[in-house]
Amino acid sequence: MAPAARRRRMPAAKRREVILAAAEETFARCGYHGASLDEVAHAAGVSKALIYEHFTSKRELHASLLDAHAAEIFARLQGGAERGETGEQRLRSGIDAFLGWVEEHREAWRALFRDASDPEVAALVARLQGQATGVIAALVASDPDAPAELAGDGPDRALRVEIHAQLLSGAVQSLATWWEEHAEVPRTVLVDRAMAFCRQGAAAPPAVAPARAPAGAVAAPTR
């Protein structure tokens with residue numbers, strides 16, 4: 001009788017993918033602090049020791065997940081930013097590309113950003129947010145039809161654009177998190193509202209009229 005065929009050893013790269021997929025599911029279900037490497041190992045069907053052959057800690061495992069998804073997000077943002085003839089069209093395409101990723105990877109979004117306020121996770125998320133803000137700022141700055149508040153060549157224009165990009169980036173991220181509990185809302189609706197927010201938020205604030213004294217009030221004497 002021929003000896004039983006040996007079980008083929010899984011390539012290291014494939015095993016790493018399996019571990020990352022199991023980690024994503026575990027982080028989404030338990031949160032960063034609630035998840036343990038033992039649970040990740042069980043979900044991946046490997047030993048905890050094998051995980052340590054690929055990742056030195058839970059933090060590094062989480063960071064690897066974030067980096068992998070960030071790379072895909074920015075690839076989509078870049079692709080969206082290259083579509084459209086105007087800055088507004090490119091910005092719309094970029095927002096739609098980002099929300100499209102969230103729609104396709106809801107579990108990944110939940111796993112990576114549900115604990116964004118956690119000190120061990122905050123630095124990683126802040127880096128991703130900073131990159132997203134930079135992309136948005138570049139799109140806004142390159143738009144020849146940008147609102148007057150963001151146009152011009154004044155010395156403070158770069159600051160105004162950066163502040164606006166930070167506001168929009170935070171708003172879209174918050175919208176994506178809200179969308180997790182309102183998945184029935186079409187993505188197009190979110191994109192339209194984000195663009196409306198972008199335009200309305202860029203409008204110059206109205207001038208504040210000086211307060212008028214109540215009728216019958218006596219003016220204070222001048223000295």
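L91 touches I136, L139, V140, L168, M195 and C198, leaving out residues up to four places away in sequence (contact means heavy atoms within 4.5 Å). L91 is also among the best-connected residues of the largest nonpolar core, a set of 35. All of this comes from a predicted model, where local features need pLDDT of at least 70, side-chain atom pairs count only at pLDDT 80 or more, and totals for chains, interfaces and linings use all residues. Residues are numbered from 1 along each chain as its sequence is written, and side-chain values use heavy atoms, with hydrogens and water left out.

**Overall make-up**
- The protein has nine helices and zero strands, where helices (H or I, at least four residues) and strands (E, at least two) are DSSP runs numbered from the N terminus.
- Of its 223 residues, 38% count as buried, with buried meaning under 20% relative accessible area, exposed over 50% and partly exposed in between (1.4 Å probe, protein chains only).
- Take the contacts with a separation of 6 or more: 68% of them link residues 24 or more positions apart.
- About 13,400 Å² of the protein is exposed, and carbon and sulfur atoms supply 56% of that; the areas come from the Shrake-Rupley method with a 1.4 Å probe, and for residues only the protein chains shown count as cover.

**The cores**
- In the 35-residue core, the residues with the most contacts inside it are L91, I95, F98, L99, V102 and L168; a nonpolar core is a set of buried Ala, Val, Leu, Ile, Met, Phe, Trp, Tyr and Cys residues joined through side-chain atoms within 4.5 Å.
- Helix 4 (58-81), helix 5 (87-104), helix 6 (106-113), helix 7 (119-141), helix 8 (157-179) and helix 9 (187-201) each put in at least two residues.
- Apart from that core lies another, of 17 residues, with A22, F55, L65 and A111 among them.

**Helix 5 against helix 8**
- The axes of helix 5 and helix 8 come within 11 Å and cross at roughly 30 degrees; axes are lines fitted to C-alpha atoms, for helices over the stretch in contact, and angles run from 0 to 180 degrees between N-to-C directions.
- That is why helix 5 and helix 8 count as roughly parallel (under 35 degrees; over 145 is roughly antiparallel, 65 to 115 roughly perpendicular and the rest oblique).
- On the helix 5 side the contact uses L91, I95, F98, L99, V102 and E103, and on the helix 8 side L168, V172, A176 and W179.

**Helix 1 and its partners**
- Helix 1 (residues 12-30) packs on helix 2 (residues 37-44) at about 125 degrees, axes 8 Å apart, so the two are oblique to each other.
- V18, I19, A22, A23, E25, T26, R29 and C30 of helix 1 meet E39, V40, A43 and A44 of helix 2.
- With helix 4, helix 1 makes an angle of about 95 degrees, axes 10 Å apart, which makes the pair roughly perpendicular.
- Here R16, I19, L20, A23, E24 and F27 of helix 1 meet K58, L61, H62, S64, L65 and H69 of helix 4.

**Two residues to look at**
- H105 sits in the loop between helix 5 and helix 6 and is partly exposed, at 21% relative accessible area.
- Neighbours within four places aside, H105 is in contact with E72 and R76.
- H105 and H69 are 36 residues apart in sequence and 9.4 Å apart in space, C-alpha to C-alpha.
- R90 lies in helix 5 and counts as buried, at 17% relative accessibility.
- Beyond its neighbours within four places in sequence, R90 is in contact with G80, A81, R83, G84, E85, L139 and S142.
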